[in-house]
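Student: I have just opened this model and would like to talk through its aromatic rings. Could you help me reason from the values to the terms?

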Amino acid sequence: MDETAHGKSLLGEFLSRRRAQLKPADVGLPDYGDRRRVPGLRREELAQLAGVSVAYYIRLEQGLSLNASPQVLDALATALRLDDAERRHLHTLSGDARQSRRRLPAERVTAAVRQLMDAFGDSPVVVLGRRSDILAWNRTGHALFAGHLAPDSPDQVATRPNTARMVFLDAHTRDLYVDWPRKARDVVGKLRQAVGKYPDDPHLASLVGELTMRSPQFATLWAQHRVRAWGMNEYRMRHPTVGELDVLQHSLPVPRGEGIRLMVTTAAPGSAAQAALRLLTQTLQPAADMSAPAWPAATGTPAQVLPSVHP
């Protein structure tokens with residue numbers, strides 16, 4: 001598939017969907033109560049707000065104009081009321097952002113990444129790939145997020161767990177988050193960002209298609225074209241062993257990792273959540289006996305519960 005054509009269709013779809021989510025009153029335009037054939041702003045209204053011609057904007061939505069300037073993209077982002085993450089996503093979808101794109105290497109956990117994981121001690125650590133596949137975890141990370149899966153499941157390339165699939169299709173993971181809808185929005189927003197950055201990844205496209213077909217909640221959120229940046233998020237978790245705990249999930253890019261990230265979970269010093277994480281660490285089996293899951297096994301094998309997108 002031609003990258004430029006595919007990327008421009010993504011750009012046009014993003015502009016169209018976000019335009020449809022804005023009302024005239026949202027951007028300071030008068031609303032005379034006229035019945036609109038389509039929801040949201042008209043193309044000419046958004047073009048007026050961005051200071052571009054209507055014909056040019058229509059060509060952008062239709063994927064007919066290439067290489068929109070950064071200034072035009074910024075003007076459109078401002079008119080659409082995009083936040084910083086969404087603004088960067090808009091630039092990523094433009095043709096200029098992909099001209100230097102090269103084929104990405106296979107994802108692997110290097111010795112340097114293992115050393116970085118070890119540096120966090122007993123803090124739960126999960127290594128995520130570009131598609132949010134779990135490439136590795138330490139003992140506490142496994143126990144906190146997926147104790148019902150086999151500890152070595154990230155090592156099996158064909159059946160690696162995927163955090164997006166887990167959040168929407170795995171009952172254990174869904175129950176982990178007290179505010180599951182917010183976690184779901186964050187996951188979809190990050191996956192939307194990944195699609196913009198890696199538009200021609202067939203495994204990523206397959207994952208999105210699978211989740212769209214199998215989860216109505218995912219399909220609804222995906223259609224909104226909301227973007228979430230990787231960074232730090234606070235969640236209240238409901239763990240089957242240590243109960244509820246308020247945690248921070250930090251996403252740290254791995255140097256020269258080509259999209260690989262470490263997700264490190266922490267809790268406030270002296271808090272009940274910190275005590276719960278310590279208790280979780282104390283309940284773990286010795287490192288020499290990691291063959292059994294830390295939670296009761298889920299129905300079916302891990303491969304049946306969470307099939308991978310990898311060939």
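Student: Why is Phe218 called buried?

Tutor: Glad to help, and keep in mind that this is a predicted model. Phe218 has a relative accessible area of 0%. Buried means under 20%, so Phe218 is buried.

Student: How many aromatic pairs does a search of the whole structure find?

Tutor: The search finds four aromatic pairs.

Student: What makes the pair of Phe168 and Trp180 edge-to-face?

Tutor: Their ring centres are 5.5 Å apart and their planes are at 80°. Rings pair if their centres lie within 6.5 Å, and planes over 60 degrees apart count as edge-to-face. Both conditions are met, so the pair is edge-to-face.

Student: Why does this pair tie together parts that are twelve residues apart in sequence?

Tutor: Because Phe168 lies in helix α8 (residues 163-169), while Trp180 lies in helix α10 (residues 180-197).

Student: How do you know whether Phe168 and Trp180 are buried or exposed?

Tutor: Phe168 has a relative accessible area of 7%, and Trp180 has 9%. The cut-off for buried is under 20%, so Phe168 is buried and Trp180 is buried too.

Student: Which aromatic pair do Phe168 and Phe218 form?

Tutor: They form an edge-to-face pair, 5.3 Å centre to centre with 90° between the planes. This pair links Phe168 in helix α8 with Phe218 in helix α12 (residues 216-222), 50 residues apart.

Student: Which residues do ring pairs link into a cluster?

Tutor: The cluster holds Phe168, Trp180, Phe218 and Trp222. In addition, Arg174 lies over the face of Trp180, at 3.7 Å from the ring centre.

Methods. Residues are numbered from 1 along each chain as its sequence is written. This is a predicted model: local features need pLDDT of at least 70, side-chain atom pairs count only at pLDDT 80 or more; totals for chains, interfaces and linings use all residues. Side-chain values use heavy atoms; hydrogens and water are left out. Rings of Phe, Tyr and Trp (its six-membered ring) pair if their centres lie within 6.5 Å; planes under 30 degrees apart count as stacked, over 60 as edge-to-face and the rest as tilted. Helices (H or I, at least four residues) and strands (E, at least two) are DSSP runs, numbered from the N terminus. Buried means under 20% relative accessible area, exposed over 50%, partly exposed in between (1.4 Å probe, protein chains only). A charge sits over a ring if NZ of Lys or CZ of Arg is within 6 Å of the ring centre and within 35 degrees of the ring normal.
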